[in-house]
Amino acid sequence: MNKKNIKNEMKLTLPSLSVNEGMARAAAAAFCSQLDPAASELADIKCAVSEAVTNCIVHAYRDTVGQIYMNIKILEDNSVRIEIKDRGCGIPDVGAARQPLYTTDPGGERSGMGFTVMESFMDKLRVTSRCGRGTTVIMYKKFCGRDNT
Amino acid sequence: MIKSKSGFEYEYYDDVLRVKVGGEIDHHSAAGLRSGIDGVIFEFRPKRLELDLSSVNFMDSSGLGLIMGRYSLMREQGGEVVVVDPAPMVEKVMNLAGMKRIINVVKTEEADEDE
C-alpha cells in the first residue's frame, strides 16, 4: 500500500508474559521519541501498543506462552508504522472483535475496548488474522510534534 | 493513608473508602489491584468508594475494566463509585468509553475555589 522508504527500524520479540507489557510500551515510546512527538502523542503510542500486546497475552496465547513480535518502522515522512504480530489462536471474526465492548473474556474484567483504543489513538489500524495461525496488527501514526507556546 | 501491598493506598472514614492508585494500570497490574481493592471493600463495606486516580501515569483499557468491576461490586452492595481527579491519560481513556455517563467524576480543583 504505502511504499515509503524506511528511515529507521526496530524489532523486539517478547514472550507473552504480562510482566512484559510495560517493557513493550517503554520500548515503543523510546524508539518513537526520536521524532520529537508531543507528550500526549507518545502516550497514545504507549496505550495502543499496550492494547495490542495485551491482546496477544490474554487472547492469542490464552492458555500458553508464545512469542510477540513487535516491529516499528520510522518512515521517510516521519510517520511510524507499528506492527505487532503473534502466532496464536487467531480471531474468528475480526469485524466483531473490533466492535466496542465486544470481548471473549468477560470473566477477566476485560472492557472489550482494546481495538477501539488502537483505532482512536492511532491514525490507521489494520488487523489480519487466521484461526490457528495468528494475528497481525498494523498501526500508523504521524506526529504533529510538541506544543510550542 | 494506609499503604497496601497491592500497589495502592487507602483510608476509611464516615462510610467512605478512599483508594489512591499510583503508577501504571495495565493488564499486569490490574489483577493485583482488583483483589487488593476488593479486599478492603469487603473489610470496610463502605457506602462510597472514591478512586483517586490523580497519580496514575499510565492507563489502558484494562483500567476501564478495573473501574467498571469495582462499580459493579459497589452497586451489588448498594454503594457508589466516584473517580476523583483522573490524570489526563485516565480521563482520555474514560471518555473514549463514555464512562462518565455511568461513573461520577469529581475534580477537587474545581470544587475548591479558594486555591
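The following exercises, each with a worked solution, concern salt bridges, cysteines, a chain interface and one proline in a predicted model.

Residues are numbered from 1 along each chain as its sequence is written, and chains are lettered from A, ligands being numbered from 1, in the order in which they are written. Because the model is predicted, local features need pLDDT of at least 70 and side-chain atom pairs count only at pLDDT 80 or more, while totals for chains, interfaces and linings use all residues; side-chain values use heavy atoms, with hydrogens and water left out.

**Exercise 1. Cysteines**

Determine how many disulfides the model contains, and examine A:C47 and A:C89.

Solution.

Step 1. A disulfide is a covalent bond between the sulfur atoms of two cysteines. The criterion applied here is a pair of cysteine sulfur atoms within 2.5 Å.

Step 2. For A:C47, the closest cysteine sulfur is in A:C32, at 14 Å, and this is too far for a bond. A:C47 is also buried, at 0% relative accessibility (buried means under 20% relative accessible area, exposed over 50%, partly exposed in between, with a 1.4 Å probe and protein chains only).

Step 3. The nearest cysteine sulfur to that of A:C89 belongs to A:C131 and is 7.4 Å away, and A:C89 is in no disulfide. A:C89 has a relative accessible area of 42% and is partly exposed.

Step 4. Over all chains, the count is zero disulfides.

**Exercise 2. The interface of chain A and chain B**

Describe the contact of chain A and chain B by its residues, its buried area and its elements.

Solution.

Step 1. Contact means heavy atoms within 4.5 Å. Chain A gives 25 residues to the contact and chain B gives 20 residues.

Step 2. Buried area is the accessible area (1.4 Å probe) that two parts lose on being put together, summed over both. Between them, chain A and chain B bury about 1700 Å², and 55% of this lies on carbon and sulfur atoms. A:R25, A:E109 and A:F121 account for 31% of the area that chain A buries against chain B, more than any other three residues.

Step 3. There are 10 residue pairs in polar contact between chain A and chain B, both residues being at pLDDT 80 or more. A polar contact is a pair of N or O atoms within 3.5 Å; within protein, one must be able to donate a hydrogen and the other to accept it, and residues adjacent in sequence count only if both atoms are side-chain atoms.

Step 4. On the side of chain A that touches chain B, the elements giving two or more residues are α1 (21–32), α2 (39–60) and α4 (114–121) of chain A. Helices (H or I, at least four residues) and strands (E, at least two) are DSSP runs, numbered from the N terminus. With nine residues, α2(A) gives the most to this side.

**Exercise 3. Salt bridges**

State how many salt bridges there are over all chains, and analyse those formed by A:R25, B:D38 and B:E91.

Solution.

Step 1. Side chains of opposite charge can pair when their charged atoms come close. A salt bridge is a side-chain nitrogen of Lys or Arg within 4 Å of a carboxyl oxygen of Asp or Glu. The count over all chains is 17 salt bridges, and three cross the interface of chain A and chain B.

Step 2. A:R25 meets B:E24 in a salt bridge at 2.8 Å, N to O. This pair runs from helix α1 of chain A to strand β3 (residues 16–25) of chain B. A:R25 is buried at 1% relative accessibility, whereas B:E24 is partly exposed at 34%. A:R25 also forms a salt bridge with B:D26, at 2.9 Å, N to O.

Step 3. Within chain B, the side chains of B:D38 and B:R70 form a salt bridge at 2.8 Å, N to O. It links helix α1 with helix α2 (residues 61–76) of chain B, and the two residues are 32 residues apart. B:D38 is buried at 15%, and B:R70 is buried at 2%.

Step 4. B:E91 pairs with B:K107 in a salt bridge whose closest N and O atoms are 2.8 Å apart. B:E91 is buried at 15%, whereas B:K107 is partly exposed at 28%.

**Exercise 4. The surroundings of B:P46**

Locate B:P46 and state whether B:P46 is buried or exposed.

Solution.

Step 1. B:P46 stands in the loop between α1 (27–44) and β4 (48–59) of chain B.

Step 2. The relative accessible area of B:P46 is 3%, so B:P46 is buried.

Step 3. Apart from neighbours within four places in sequence, B:P46 is in contact with B:Y12, B:D15, B:V16, B:L17, B:I41 and B:M74.
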